[in-house]
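Welcome! Please take a moment to look over the chain below, and then we can walk through it together.

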Amino acid sequence: MKAGIIGANGYSGVELIRFLSNHPFVQIEMLISHSTSGKNIKDLYPHLSDVCEKTLENVDIDEIAERTDLLFFAVPSGVSQSLVPQFLKKGLTCIDLSGDFRLKDPDKYTKWYQKPPAHQGYLQQAVYGLPEFYQEQIKNAKLIANPGCYPTAALLGILPAVKMGLVNFETLIIDGKSGVSGAGRGVSLGSHFCEVNENVKAYKIGVHQHTPEIEQTIQDISGEQININFTPHLIPMTRGIMCTIYAGLKKPLTTEEVVEQYKQFYESSYFARVREAGDWPATKEVYGSNYCDIGIVSDERTNRVMIISVIDNVIKGASGQAIQNMNLIYGWEEWTGLTLTPVFP
Ligand SMILES: NC(=O)C1=CN([C@@H]2O[C@H](COP(=O)(O)OP(=O)(O)OC[C@H]3O[C@@H](n4cnc5c(N)ncnc54)[C@H](OP(=O)(O)O)[C@@H]3O)[C@@H](O)[C@H]2O)C=CC1
Ligand SMILES: CC(=O)N[C@@H](CCC(=O)OP(=O)(O)O)C(=O)O
């Protein structure tokens, strides 16, 4: 199978190159970039020397459609929606890492992304690429809306409790912390070393674009309307996301009881690892891997459950999950090319 990457010179793009270079059934056919076409990827990223030394190419719809079977879109929201439909019409499978096709309601996209939405038909066609919950739909998809990084960590943490009917939704609070690579390779004041180092900063409180994505998926799984409180923070590390989730329990349960239910729930999910009672995950324990690690505490004093969920934002939060989705579409084992042990220390 021949794959292309649009936005190959960004952080998610180079992670896709790393995984696809090790994938037994995929050949990287084209690396595409609009600002660095003509350059060799190894000159932009020397760590790819001898691994992938392809020249970046321009966006040429007909040529891309002729040479590739599947395209990854590792470009910003607003850009994907102008490109994806042209390739869908030519029969290619499209996996979009941006937020352009995640929200089913175009008005919500306009409100939270402050941009015009993609055409409604494509929003309806897109399958939300969270394999632990939408595996059957993903297998038949032509267009995948790969989840956002915070929603991946938050949803893998809370959705089992939602699906098993353990928690009250009106009390749901999600506190997210992200490493700086979540903002991409582009330079900005917010990701400047002096602004991030020795600092912890909350941002986009109450207006973060991942809020409606988390709400939409919880509503889809539960069938109930919900509004959440979500507060993202930028912290001085390169990779990793931790979401700490607080929810009221419908009936009292011990930590051991909730842990046991989560373990059973994720028994057949390769990439979701549930910790034993009293063991809480840290971002370094999933660094460089496609795992999501989940720790749970039931606070019997407040009758709340607290769930700690960690991922590598560029992998399970972006490129690794995109490869997992590709594997499901092509009928390969979901872990093909993704069985990397986390890098520690
Ligand atoms: N980093 C992360 O942890 C995560 C990222 N994502 C999403 O993945 C996508 C890529 O993110 P990331 O790799 O971090 O971003 P980067 O900023 O590192 O890379 C962005 C890429 O988009 C391309 N690009 C930018 N503007 C345009 C344009 N107008 N037309 C065509 N290409 C363009 C750039 O190429 P060029 O230099 O040629 O302009 C570059 O390759 C985004 O939608 C992001 O939200 C999702 C989850 C997590
Ligand atoms: C640290 C950091 O800045 N993270 C980014 C994540 C953006 C992202 O993944 O964008 P999508 O909307 O395409 O999902 C943010 O919080 O906006």
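Leaving aside its neighbours within four places in sequence, which residues is Ile-17 in contact with? In this predicted model, the partners of Ile-17 are Ile-5, Ala-8, Ile-28, Leu-31, Ile-41, Leu-48 and Cys-52.

Ile-17 also belongs to the largest nonpolar core, which has 82 residues. Along with Phe-72, Ile-158, Val-167 and Ile-218, Ile-17 ranks among those with the most contacts inside that core. Helix H8, covering residues 149-163, gives the most to this core, with ten residues. Both domain 1 and domain 2 supply at least three residues each to this core. There is a second, separate core as well, and its residues include Ile-61, Ile-64, Phe-87 and Ala-126.

Here are the two cores side by side:

| Core | Residues in core |
|---|---|
| Largest nonpolar core | 82 residues |
| Second, separate core | 22 residues |

Now for the domains. The chain is divided into domain 1 (2-125) and domain 2 (150-313). Their centres, taken over C-alpha atoms, are separated by 27 Å. Where the two domains are in contact, domain 1 provides 13 residues and domain 2 provides 14 residues.

Finally, let us return to helix H8 and a partner helix. The axes of H8 and helix H12 (residues 315-329) come within 8 Å and cross at roughly 95°. An angle of 65 to 115 degrees counts as roughly perpendicular, so H8 and H12 are roughly perpendicular to each other. Where they meet, H8 offers Cys-149, Thr-152 and Leu-156, while H12 offers Lys-316, Gly-317 and Gln-321. By class, this contact has two nonpolar, three polar and one charged residues.

Notes: Residues numbered from 1 in each chain as written. Chains lettered and ligands numbered in written order. Predicted model: local features only at pLDDT ≥ 70, side-chain atom pairs only at ≥ 80, totals over all residues. Heavy atoms only, no water. Core = buried A, V, L, I, M, F, W, Y, C linked by side-chain atoms within 4.5 Å. Buried < 20%, exposed > 50% of the residue type's maximum accessible area, 1.4 Å probe, protein only. Helix = DSSP H or I, 4+ residues; strand = E, 2+ residues; numbered from the N terminus. Domains from an automatic or database assignment. Contact = heavy atoms within 4.5 Å. Axes fitted to C-alpha atoms, helices over the stretch in contact; angles between N-to-C directions. Parallel < 35°, antiparallel > 145°, perpendicular 65-115°, else oblique. Nonpolar A, V, L, I, M, F, W, Y, C, P; charged D, E, K, R; others polar.
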